[in-house]
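The following paragraphs lead through the structure shown below, beginning with its sheet and moving on to the helices and the charged pairs.

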Amino acid sequence: MNARLASGAAALALITLLAGCGGATGGGDADSTPAASSSAEPEQTTTPTASPTPTSTPVALPTDCRAILSEDVLSQLGETPLNDPAFGPSGVGADGTLTCIWRDPRADTTGLVTTISGMNRGPALDMLNALVTNEGFSCFTPDGGTRCEKTWPDPQYPVTDGRTLFWRDDILIDTVYSNLAPTGYTSSIIEHLFD
């Protein structure tokens, strides 16, 4: 019963956080790496607040997987191939969604896939709450948005797998990775899109 109460409290906290998004600012980089812990606690308020009226200019979806990353992150990715046809569709989709697949087709598991798409507040809230409630993700509010993440041991190889999501201003950055988590990866994308 305690686990259910904690899960419900986490979901309520996430609802509260998303309802108040827009004015918060965050500092520092909180990217998960296999060696780093992501134990940041969400900021909580006592009651949910009404959604603020959007005042920012709509953010355009990016069109270039390399241009959204800093030189430091690109150097960490090194010679990892980008958008190899062996992994299926990538790049800009018909709806404007950008899919970036950093993976060598010769590697068994090492790689990451980032999808940057448009997503309204309601569907984003539902999805992030489900990740907290059903899959044990941790969420917090850096950089004026909501970030949820989780890592786990790969079921087949002795490496760390994970997923990091960041939502702000109707843009969702969703990265799934295995044994490849460049420091500052998500923060670099956030800085490119929103700053």
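**The sheet and what packs on it**

In this predicted model, seven strands make up an open sheet whose order is β1-β2-β3-β7-β6-β5-β4, with antiparallel pairing. The edge positions are held by β1 (91-92) and β4 (138-140); each has a single partner strand, so one side of each is left without a neighbour in the sheet.

Within the sheet, β3 and β7 run antiparallel and are joined by eight bridges. One residue of this pairing is Ile116, whose bridge partner in β7 is Ile173. The pairing of β2 with β3 is likewise antiparallel and extends over six bridges. Here Leu98 has Ile116 of β3 as its bridge partner. Ile116 therefore has a bridge partner in β7, Ile173, and is itself the bridge partner of Leu98. In a regular strand, side chains alternate between the two faces of the sheet.Helix α3 (residues 121-135) packs on the sheet and touches β4, β5, β6 and β7, its direction making about 150° with that of β6. Helix α4 also packs on the sheet, where it touches β2, β3, β5, β6 and β7; the direction of α4 makes about 160° with that of β7.

**Two helices in their surroundings**

How many of the residues of α4 are buried? Of the 10 residues in this helix (residues 185-194), eight are buried, so α4 is largely enclosed by the rest of the structure. The buried residues are Tyr185, Thr186, Ser187, Ser188, Ile189, Ile190, Leu193 and Phe194. Their cover includes five strands and a helix, namely β2 (98-103), β3 (111-118), β5 (146-153), β6 (160-168), β7 (171-178) and α2 (71-77).

For α3, the length can be checked against expectation. At 1.5 Å a residue, its 15 residues should span 21 Å, and the end C-alpha atoms of α3 are 20 Å apart, which agrees. The buried residues of α3 are Ala124, Leu128, Asn129, Leu131 and Val132. Seen down the helix axis, these residues fall within an arc of 155°, so they line one face of α3. Asp126 and Asn134, on the other side of α3, are exposed. Gly136, just after the helix, takes a positive phi of about 75°.

**Charged pairs**

Side chains of opposite charge can pair when their charged atoms come close. With a cut-off of 4 Å between a side-chain nitrogen of Lys or Arg and a carboxyl oxygen of Asp or Glu, the count comes to four salt bridges.

One of them joins Arg163 to Asp174, with the closest N and O atoms 2.6 Å apart. Arg163 lies in strand β6 and Asp174 in strand β7, so this pair ties together parts that are 11 residues apart in sequence. Both Arg163 and Asp174 are buried.

A further salt bridge is formed by Arg147 and Glu149, whose closest N and O atoms are 3.0 Å apart. Are the two partners buried or exposed? Arg147 has a relative accessible area of 0% and is buried. Glu149, with a relative accessible area of 2%, is buried as well.

Arg168 and Asp169 also meet through their side chains in a salt bridge, at 3.5 Å from N to O. A residue counts as buried under 20% relative accessible area; Arg168, at 17%, is buried. Asp169 has a relative accessibility of 31% and counts as partly exposed.

**The chain as a whole**

The chain contains four helices and seven strands. Read from the N terminus on, its elements follow the order α-α-β-β-β-α-β-β-β-β-α. Of the 195 residues in the chain, 42% are buried. Among contacts between residues at least 6 apart in sequence, 60% join residues at least 24 apart.

How values were computed:
Residues numbered from 1 in each chain as written. Predicted model: local features only at pLDDT ≥ 70, side-chain atom pairs only at ≥ 80, totals over all residues. Heavy atoms only, no water. Buried < 20%, exposed > 50% of the residue type's maximum accessible area, 1.4 Å probe, protein only. Helix = DSSP H or I, 4+ residues; strand = E, 2+ residues; numbered from the N terminus. Contact = heavy atoms within 4.5 Å. Pairing = 2+ DSSP bridges. Axes fitted to C-alpha atoms, helices over the stretch in contact; angles between N-to-C directions. Expected span 1.5 Å × (residues − 1). Arc of directions from axis to C-beta.
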